[in-house]
Amino acid sequence: MDRRQFLSACGVGAGGVLLPGFTGRAIAAEQLVEPLDPALKRRLADAALSAAKVGGASYCDVRVGRYLRQFVMTRETRVENVVNTESTGVGVRVIAGGAWGFAATNALTPESVAEAARLAVAIARANATSQAAPVRLAPTRGVGEVRWRTPVRRNAMDVPLQEKVELLLSVNAAALGAGANFVNSSMFLINEPKYFASTDGSYIDQDVHRIWAPFTVTAIDKQSGKFRTRDGLSAPMGLGYEYLAGDAADKTTTPAGVVVYGKSYDMKEDAVAAARHAREKLTAASVTPGKYDLVLDPSHLGLTIHESIGHPLELDRVLGYEANYAGTSFATLDKRKAGFRYGSDAVTITADKLEPGSLGAVGYDDEGVKTKRWDLIRDGVLVDYQATRDQAHILGKSESDGCSYADSWSAVQFQRMPNVSLSPGKRPLSLQQMIGGVENGVYILGRGSYSIDQQRDNAQFGGQLFYEIKNGKVTRPLADVAYQIRTPEFWNACSATCDAREYRLFGAFFDGKGQPRQVSAVSHGSSTTRFDEVNVINTARTLA
C-alpha cells in the first residue's frame, strides 16, 4: 500500500502529514508477539563490540531491533486494509579516527554482525579524512544488564484482530447512526523490542509500545453540497490496549459540552459526538476576523507547542546541522546567552522522557543514556535545548539529555524531540474560571491544519472545534477560524494556564525529521491555556 492509498483509506488529519514508510516484511498477526531469543541478542551484540575493538574503534554501540507494526483501517461498514509488518536487524555505530561510521545487517548471525562492525570502522576511517574536528562524546556510565518496558496492562499486539475490527466497525456504525454521512476509523499499533549494547558496558533490553485510534466523520448538507468534518479527539499514547477501555473517570465535559479524554479513551462516544459536531459545523457562524483572547484546549495546543517550541529547540536545527526537513530555528545560541524572553512568566516548558503513558517515555535512549526531565523555558526565559552525546559539549554540558532515537535498526540514531510540555499553572484555576474571565474570545479544541516558516517564527494554526466566548460564557459554535502568530509574541501573550486538574497529553505519532526521513512519536502535555489579543483570520474569506 502506497502513501496515497494510506491517506485515502485513513483520512488522517494534521498529525498525519508526516507518515512512515511501510518497511519490513508482511507477516501474520500471530507473529507480532513472537519474541527474539535474549541469548541471541547478547551474542550478536558481543560479536559486534569485539570486532569493532579489534578493528581499532575507540567506541562502539550496537542496536538489535525488531520493529513491529499493525495498522487496521476501516470505512463505514467495511475493512479497507490490515497491515502487519516486521523488520529485524542489527545496526552498528562506531567512532574510529575521531569520526562516526555506521553499518547494518538483517542477517542475525555473529559473523554477519561482526562484518558490519568492521565495515562501520572502515567507513569511520574514511570519514575522518575530511572531518574538521574529532567527535566529542559526553561520558555515559555503563549500566550493565537492565530491562525497561512500557507499562502496558494489555499488549495490543496480542489482542485478536477480530476484536479490533469489531471495535472500529462499531465506532463507524455509531457515527452513522448519529447523523454522519461518511466515517473512517483506524488503529495504529507499534511495538519496538530493542536491545542496546555499548563499549561503555551497557546491555539494555527495552520493549516500547504505542497506540493510536484516529477517525474522521463527515456530514453533508445535500441541498447545498457543503460538507464538514470532525476528527477524533484522542491522543496517541505510550500505553497498551487498555487505553481504549473508555474509563468514565478519565474524561471531562467542557463548558462547550465537548467531552475530552485523558489516558483512557471512549472511541465510540467520541464518534457519536463527532457526528453531531460535524452537523453543527454546517450551520456554524463564520468568525469575524480580528483580535481575540484564545482559550486553547490541550488537544489543540499540543500541536502549537510541537511546532513553535519543540522543533525550534532541537539543537541540530539551532546549529543549522538539520535544515533539509522543516528548516532550522530562530532560537539561536546567542538568545540563550542573552536570557531571551521566549514567553510570559506563565510559560515554563519542560523536556521529558519519563512521563508514564507518553509517547516519548523510555528508560534509556538509543545511545544508552538514562532518560530524564529538564527545563527548556523557565518562567518565560529560554534556558536550554535538546542535546545528544556528541552535542552536549557545545552547550557546556557534562552529559547528554538522552534524546537520541532511530526509527529502524538500519537507520543511524540522531537527535529527536523528547516530550515537550507546558507546565500547569501554579495557582488553582479551573477551565470554567478561565472562561469566566474572557470578554471576547474563541475556545478551540482539536488539531487542525497549520503552516509555519523555515525558522519556526511565523505560523498559522486551525483546529477542529471553535466556540465563541462572550462576557465569560461559551455562546455558539464558530467556523472558518485560524489564528496567526509570531512565536515569541504569541508565547508572551500567554496570560494564564489552568492548574494540574486540566493537564492532558497531545501526541504526534508520525513526526518526521531528517534526510533520509525518519519518524518518531512524541507527546506534548498542557492544561487549557489563555492567550490575549491574538490575530484571528477567517479562512473562508482568505480562500475567497
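User: Before we look at burial here, what does "buried" mean?

Analyst: Buried means under 20% relative accessible area. In this predicted model, buried residues make up 60% of the 544 residues in the protein chain.

User: Okay, and how do I put that to work on a single residue, say serine 198: buried or exposed?

Analyst: Compare its value with the cut-off, which is under 20% for buried. Serine 198 has 4% relative accessibility, so it counts as buried. You'll find it in strand S6, residues 182-198. Leaving out residues up to four places away in sequence, serine 198 touches Leu49, Tyr59, Cys60 and Asp61.

User: What about a whole element, like H6: how many of its residues are buried?

Analyst: Same cut-off, applied residue by residue: 13 of the 13 residues in H6 are buried, so the helix is mostly covered.

User: And how far apart are the end C-alpha atoms of H6?

Analyst: Here you set the end-to-end distance against a straight helix at 1.5 Å a residue. Helix H6 covers residues 298-310, and its ends are only 15 Å apart, short of the 18 Å a straight one would reach.

User: Zooming out, what radius of gyration does the protein chain have?

Analyst: Check it against a compact globule: with 544 residues that would be near 24 Å, and the chain has 24 Å, which agrees. The C-alpha trace spans about 75 × 55 × 40 Å along its principal axes.

User: Which contacts should I look at for the fold? How much comes from residues 24 or more positions apart?

Analyst: Take contacts with a separation of 6 or more: residues 24 or more positions apart account for 74% of them. The chain has eleven helices and 29 strands.

Conventions:
Residues numbered from 1 in each chain as written. Predicted model: local features only at pLDDT ≥ 70, side-chain atom pairs only at ≥ 80, totals over all residues. Heavy atoms only, no water. Helix = DSSP H or I, 4+ residues; strand = E, 2+ residues; numbered from the N terminus. Rg over C-alpha atoms; globule rule 2.2 N^0.38 Å. Buried < 20%, exposed > 50% of the residue type's maximum accessible area, 1.4 Å probe, protein only. Contact = heavy atoms within 4.5 Å. Expected span 1.5 Å × (residues − 1).
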